[in-house]
Amino acid sequence: MKKVYWGKFHSEFGELYGAKTESGLCYIGTPSETFETLENWVKKHFKEAELIEVQQQLQPYFTQLENYFSGEAQRLETSFDFYGTDFQKQVWQVLASIPYGETTSYGDIANRLENPKAVRAVGGAVGANPLLFFIPCHRVIQKDGRIGGFRGGVPLKIRLLELEQSTK
């Protein structure tokens, strides 16, 4: 049985749940998500898993988030344990390479993957990103420059983009 360790972080944006396996960080939720959201995500991605609350194991990630939210850190670095389709993982790897304070479009990501017709699929993969902030999906905007959606809500996306612009 796979062990999934979880904890919660009290940020200026609200409470965030996070989870990790022995291989690395696998989930960071949004301020609007509950423990049940985390629990459902774990059930979806693991046949059998034991959820174990261990705040101490998640604290290094939460410290990085705290430093990012305060503008002290421009990179969030850790090992990841991705759970998704091969296509989603490819998109998430591209997202991880978007520099701090910069944005890109869904179409640009599709082009980087050498699949320019996959714009909608890219959007789906961006929306399914289980590692908010660490995999910076908030840096993806629409081709025409509009902000677009965000699992954490558009106001949070705007605040993150503004934070990065002000501390770049």
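In which strand does Ala 49 lie? Ala 49 belongs to strand E4, which covers residues 49-53. The model described here is a predicted one.

## Overall architecture

The protein chain contains six helices and six strands. From the beginning of the sequence to its end, these elements follow the order β-β-β-α-β-α-α-β-α-α-β-α.

The C-alpha trace of the protein chain extends over about 45 × 35 × 25 Å along its principal axes. For a chain of 168 residues, a compact globule would be expected to have a radius of gyration near 15 Å, and the value of 16 Å for the protein chain agrees with this. Among the contacts that join residues at least 6 apart in sequence, 61% link residues at least 24 apart.

## Surface and charge

Of the 168 residues in the protein chain, 45% count as buried. The accessible surface amounts to about 8,700 Å², and carbon and sulfur atoms contribute 47% of that surface.

The charged side chains of the protein chain comprise 19 positive and 20 negative ones. The centres of these two sets are 7 Å apart.

## Aromatic residues

A pair of aromatic rings is described by the distance between the centres and the angle between the planes. The protein chain has 17 aromatic pairs. One of them joins Trp 41 and Phe 46: the ring centres are 6.2 Å apart and the planes meet at 75 degrees, so the pair is edge-to-face, the class for angles over 60 degrees. Trp 41 has a relative accessible area of 11% and is therefore buried. Phe 46 is likewise counted as buried, because its relative accessibility is 7%.

For Tyr 68 and Phe 69, the ring centres lie 5.7 Å apart and the planes are at 55 degrees, so this pair is tilted. Both Tyr 68 and Phe 69 are buried. These two residues also take part in an aromatic cluster, which further includes Phe 9, Phe 13, Phe 62, Tyr 100 and Phe 133.

## Ala 49 in strand E4

Is Ala 49 buried, partly exposed or exposed? With a relative accessibility of 28%, Ala 49 counts as partly exposed, because the value falls between the 20% limit for buried residues and the 50% limit for exposed ones.

When neighbours within four places in sequence are set aside, Ala 49 is in contact with Met 1, Lys 2, Val 4 and Val 42. Gln 88 is 39 residues from Ala 49 along the chain, and the C-alpha atoms of the two are separated by 22 Å.

## Two buried loop residues

Thr 30 is located in the loop that connects strand E3 (24-28) with helix H1 (35-45). Its relative accessibility is 1%, so Thr 30 counts as buried. Leaving out neighbours within four places in sequence, the contacts of Thr 30 are Glu 15, Leu 16, Leu 132, Arg 151 and Gly 152. Between Thr 30 and Gly 18, which are twelve residues apart along the chain, the C-alpha separation is 9.5 Å.

Gly 71 is placed in the loop between helix H2 (55-69) and helix H3 (86-96). Its relative accessibility of 18% is under the 20% limit, and Gly 71 therefore counts as buried. Apart from residues up to four places away in sequence, Gly 71 touches Leu 163 and Thr 167. Lys 43 is 28 residues from Gly 71 in sequence, with a C-alpha to C-alpha distance of 34 Å.

## Positive phi angles in loops

Most residues other than glycine have a negative phi. Which phi does Glu 114 have? Although Glu 114 is not a glycine, its phi is positive, at about 55 degrees. Glu 114 is found in the loop between helix H4 (106-112) and helix H5 (119-127). At 75% relative accessibility, Glu 114 counts as exposed.

Phe 133 is not a glycine either, and has a positive phi of about 75 degrees. Phe 133 sits in the loop between H5 and strand E6 (140-141). With a relative accessibility of 3%, Phe 133 counts as buried, whereas Glu 114 is exposed. Phe 133 is also a member of the aromatic cluster that contains Tyr 68 and Phe 69.

Methods. Residues are numbered from 1 along each chain as its sequence is written. This is a predicted model: local features need pLDDT of at least 70, side-chain atom pairs count only at pLDDT 80 or more; totals for chains, interfaces and linings use all residues. Side-chain values use heavy atoms; hydrogens and water are left out. Helices (H or I, at least four residues) and strands (E, at least two) are DSSP runs, numbered from the N terminus. The radius of gyration is taken over C-alpha atoms; the globule rule is 2.2 Å times the number of residues to the power 0.38. Buried means under 20% relative accessible area, exposed over 50%, partly exposed in between (1.4 Å probe, protein chains only). Contact means heavy atoms within 4.5 Å. Accessible areas come from the Shrake-Rupley method with a 1.4 Å probe; for residues, only the protein chains shown count as cover. Lys and Arg count as positive and Asp and Glu as negative; His and the chain ends are not counted. The place of a charge is taken as NZ of Lys, CZ of Arg, CG of Asp or CD of Glu. Rings of Phe, Tyr and Trp (its six-membered ring) pair if their centres lie within 6.5 Å; planes under 30 degrees apart count as stacked, over 60 as edge-to-face and the rest as tilted.
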